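Take a look at the protein shown here. Follow the chain from its start to its end, and keep an eye on where the strands lie.

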Amino acid sequence: MDHVLSGTGSTPLLYPGTLRSFFTSGHLAVTIRAKLAQHALGTEVPWVLVEEEDDGGGTVCAGHRTGRVVGAVTLTGIVHGPFLSANLGYWVDHLLHQLILPHS
């Protein structure tokens, strides 16, 4: 979380004009509330990708809450019924992206 809030993540590299207020916990809280409201209406489903810490023995610590947010995937504009459709949005931390796709 500090990685995102400090503005040291991938967003500043992709969007250099982003206001500093974007990286505050206040803005994040507003964004989360809006996403939860859309989820309650059935028009949005957000997921957060977290890099959890290894316990040293190759096992990820279950319930460990100090993992670093490394991305998000969101279905938005969900339309139910016979047309059933949605938009897919995502972002991945630039350090993780370089690890997975080093030549892009």
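## The hairpin

E2 and E3 form a hairpin. Five residues lie between the two strands. Gly 81 sits in the turn, and its phi is positive, at about 105°. These values come from a predicted model.

How do E2 and E3 pair? They pair in the antiparallel sense, over seven bridges. E2 covers residues 68–79, and E3 covers residues 85–92. One bridge is easy to find: Val 79 has Ser 85 in E3 as its partner.

## The other strand pair

E2 also pairs with E1, which runs over residues 44–51. This pairing is antiparallel too, with eight bridges. Look for Val 48: Ala 72 in E2 stands opposite. E2 therefore has a pairing with E1 and a pairing with E3.

## The whole chain

How many helices and strands does the protein have? There are four helices and three strands. Along the sequence they follow the pattern α-α-α-β-β-β-α. Trace that order in the structure: three helices, then three strands, then a helix.

## Inside and outside

The protein has 104 residues, and 14% of them are buried. Its accessible surface comes to about 7,600 Å². Carbon and sulfur atoms account for 65% of that surface.

Contacts tell how distant parts of the sequence meet. Take the contacts between residues at least 6 apart in sequence. Of these, 36% join residues at least 24 apart.

Methods: Residues are numbered from 1 along each chain as its sequence is written. This is a predicted model: local features need pLDDT of at least 70, side-chain atom pairs count only at pLDDT 80 or more; totals for chains, interfaces and linings use all residues. Side-chain values use heavy atoms; hydrogens and water are left out. Buried means under 20% relative accessible area, exposed over 50%, partly exposed in between (1.4 Å probe, protein chains only). Contact means heavy atoms within 4.5 Å. Accessible areas come from the Shrake-Rupley method with a 1.4 Å probe; for residues, only the protein chains shown count as cover.
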